[in-house]
Structures are given as C-alpha cells and as structure tokens.
Amino acid sequence: MADLAQQQNSKKALLLKKPFVSALLAVVCCALWGSAFPFIKLGYNEFNIPSQDWKTQILFAGIRFFIAGVLVILLGSVVSKRFLIPKKSSVKNILTLSVFQTILQYVFFYIGLAHTTGTKGAVLNSTSVFFTVLVSALIFKQEKLNAKKIAGCVIGFAGTVLINFTQGGFDGNVSFSGEGFIIICSLSYAFSCVLIKIYGKKENPVILSGYQFMAGGFVMSVFALITGARIENYTFKGLLILFYLAVLSAVAYTLWGILLKYNHVSKIAVFGFMTPVFGCVFSALILRENVIDSLIKTVISLLLVCAGIILVNYKKGDLNYD
C-alpha cells in the first residue's frame, strides 16, 4: 500500500510539473482571482457597504474566507473519504501561514486601498510577484535569482501598469497608511507563497489551505466586529455572491498551493501578473466598465504579461520546470 501511494504521488508530481498542466492550472487560478474584482464590488453594493468602510469590508472578507476554509475541508474530506484533521505538529504551521496568507495580507490590503486610489492599489499589489521571487531566492535560498527572472518580472509588471493606467491615476501623493500598507500586503503574500512551498513538503496542501482560511477568516471577522463593523442588509443575491467568492478562494488558493508544492516558486508566481488583466476583463464584461478602452489595453497588457511568463520559464529551448 505504501509503495502504491508513493507511485501515485510520483505520477501526480510529474503531471503537475508539466509546463502545459501547471500553466493551465495557474491561469485558472488567476482567472478566478480576477473574477473576484467585479463580484466584490457587486457584493458591496448588495450588502450596502460603502467604498471607504474598510472595517465592514474586512468583516465581509473574513466571513468569505471562513466559508472558503470550511468548503476546502469538506470537499477534501469527501475526496479523501475521511475527515481531514490537522496533526498537532501542523497547528503551528497552519497558524503561521494564516497570519501571512490571510490576516496580514487582506487587513493591510483593505485598509491601504481605503487610503489610496484603486489604480495605484492594483499596481502596487502586483509587486507581490517581485517580492515572491526575491524572498524565495534571497531569504529562503530556494532558487537562484538571475537576470532572466528579473527581466520577465519587469515585463510582466509593465503589463500590469498598462492595464491599470488611467489618466490622472498616478500621482505623487504617498502615505504609509495607503501605499505603505499595500506594500506590506504584497510582502505578506510573498512570504505566504514561500511558506506554502516549505510546509507543503511535509503537509497536505488541502489541510493547510482549509484550516488557515478558517483561522484567518475567524480572526478577521472578530477584529472587524470589535472595531464596530456590522453587515445589516442581507439579500439572496448578496449571499450567492458571497458564496461564489468563498468558492473561488477555496479552489484558487488550494490549486495554487498544490502548484507551489511541486514547482519552483518563481515559475508559478509570475503568472500572478495575469490576475489584474483578468480583473479588468471581467469588470468590463460584468460591470460594463470602459469596454472598448479595456479591450485595447487588455490585448497589449496580456501580450506583455505572457512575454514575461515565457521569459521566466524559458530554458534550453523549451518551457522547463525542472
């Protein structure tokens, strides 16, 4: 039985290391995250949450992530044919990951976004890809940093800047509670990616993802409630939107964690530049925001992002993850 399980894990690892498979799954994750942009706006509208009310936004996010965690564990338990319970030795890793992947990342993101423009917030949040590559290479020594990876990140980042650029969107105003908090959010995300890679060597990524979501969502909800946040307007449509957001988080983060387990961090992280591109596409389609203008920018941005992804992953005449 042990040999059979080992063979199955080896086949799974080989499959997830294949460039086409890992790229396809990474794109699916980014598409799901990108769809969150318009649905979060729709959710705020249904629950009557003002754009500057970051406390209630954190409560909204906390509820979303707690539900996401429950869904991950329930689905994982059905697939595994046993209820997934973390080992005592795993609790520390789960809580540590929760701090970086959910609590710090989203608390600082929502507060920061309330004190800066959406354009600058989106662009600065994309620096998480840079930070992920740097943290993985320079701090944790998981892989080597080279000019090709840096150039690929720069090109991908250019695509992100373009897709988010609007006239007057960038100005010289900078504040620690605004742009500074978005940078902290991006750093937190970078550390979470590397921690997933480290913990995933010995831990089940599904258990890590599910329970860290539950812990993070609970802490965020309690924090928001203590600060005075309340959601008083509930609608059936709003609850459906909240459920969808929970599902996309559950699926995307679990898939992302599995991909990081079997691939180099930089190879997967660079796909993160596609998230704002998908965000603009879905916003244009669902919210009808600047459809024609978005189409032109999206095509150019997507070409830049794809060029950056290929450059980071290109090796010896092929896209190679080994």
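## Serine 249 and its surroundings

Serine 249 has its place in helix α10, which spans residues 236-262. In this predicted model, serine 249 is buried, with a relative accessible area of 0%. Its side chain is joined to that of arginine 64 by a polar contact of 2.8 Å. If you set aside residues up to four places away in sequence, serine 249 touches Arg64, Phe65, Ala68, Phe213 and Thr254.

Two of these partners, Phe65 and Phe213, come back below as an aromatic pair. Another residue to view along with serine 249 is cysteine 29: the two are 220 residues apart in sequence, yet their C-alpha atoms are 8.9 Å apart in space.

## Cysteine 29 and the absence of disulfides

Cysteine 29 belongs to helix α2 (residues 19-46). With a relative accessible area of 0%, cysteine 29 is buried. Its contacts, leaving aside neighbours within four places in sequence, are with Ala252, Leu255 and Trp256.

How many disulfides does the structure hold? The count is 0. For cysteine 29, the reason is distance: the closest cysteine sulfur is that of cysteine 30, and at 6.7 Å it is too far for a bond, because a disulfide needs the two sulfur atoms within 2.5 Å. Cysteine 185 is another buried cysteine, at 1% relative accessibility.

## Aromatic pairs

A search of the whole structure turns up 18 aromatic pairs. One of them is formed by phenylalanine 65 and phenylalanine 213, whose ring centres are 5.5 Å apart and whose planes meet at 5°, so this pair is stacked. Phenylalanine 65 sits in helix α3 (residues 54-80) and phenylalanine 213 in helix α9 (residues 205-226), so the pair ties together parts that are 148 residues apart in sequence. Is phenylalanine 65 buried or exposed? It counts as buried, at 0% relative accessibility, and phenylalanine 213 is buried with a relative accessible area of 0%.

Phenylalanine 130 and phenylalanine 157 give an edge-to-face pair, because their planes are at 70° and their ring centres 5.4 Å apart. This pair also links distant parts of the chain: phenylalanine 130 is in helix α6 (residues 128-139) and phenylalanine 157 in helix α7 (residues 147-164), 27 residues apart. Phenylalanine 130 is partly exposed, with a relative accessible area of 22%.

## A ring cluster and a charge over a ring

Which residues do ring pairs link into a cluster? They are Trp33, Phe65, Tyr106, Phe109, Tyr110, Phe213, Tyr253 and Trp256. The cluster therefore takes in both rings of the stacked pair, Phe65 and Phe213. Trp256 from this cluster is also one of the contacts of cysteine 29, while Phe65 and Phe213 are among the residues that serine 249 touches.

Another ring to look at is that of tyrosine 262. The charged end of lysine 261 sits over this ring, 5.6 Å from its centre.

## Serine 266 and its polar partner

Serine 266 is part of helix α11 (residues 265-269). At 1% relative accessibility, serine 266 counts as buried. A polar contact of 2.4 Å connects its side chain with that of glutamate 143.

Beyond its neighbours within four places in sequence, serine 266 is in contact with Val133, Glu143, Lys149 and Val312. Glu143 thus appears in this list as well as in the polar contact.

## Two lysines with positive phi

Lysine 81 is found in the loop between α3 and α4 (91-113). Its phi is near 60°, a positive value in a residue other than glycine. At 78% relative accessibility, lysine 81 counts as exposed.

Lysine 141 is in the loop between α6 and α7. Here phi is near 55°, again positive in a residue other than glycine. Lysine 141 counts as exposed, with 62% relative accessibility.

## The chain as a whole

The chain contains 13 helices and 2 strands. Of its 322 residues, 50% are buried. The exposed surface of the chain is about 15,400 Å², and carbon and sulfur atoms supply 70% of that area.

How do the contacts spread along the sequence? Taking those between residues at least 6 apart, 88% join residues at least 24 apart. The pair of phenylalanine 65 and phenylalanine 213 offers an example of a link across the sequence, with partners 148 residues apart.

Definitions and conventions: Residues are numbered from 1 along each chain as its sequence is written. This is a predicted model: local features need pLDDT of at least 70, side-chain atom pairs count only at pLDDT 80 or more; totals for chains, interfaces and linings use all residues. Side-chain values use heavy atoms; hydrogens and water are left out. Buried means under 20% relative accessible area, exposed over 50%, partly exposed in between (1.4 Å probe, protein chains only). Rings of Phe, Tyr and Trp (its six-membered ring) pair if their centres lie within 6.5 Å; planes under 30 degrees apart count as stacked, over 60 as edge-to-face and the rest as tilted. Helices (H or I, at least four residues) and strands (E, at least two) are DSSP runs, numbered from the N terminus. A charge sits over a ring if NZ of Lys or CZ of Arg is within 6 Å of the ring centre and within 35 degrees of the ring normal. A polar contact is a pair of N or O atoms within 3.5 Å; within protein, one must be able to donate a hydrogen and the other to accept it, and residues adjacent in sequence count only if both atoms are side-chain atoms. Contact means heavy atoms within 4.5 Å. Accessible areas come from the Shrake-Rupley method with a 1.4 Å probe; for residues, only the protein chains shown count as cover.
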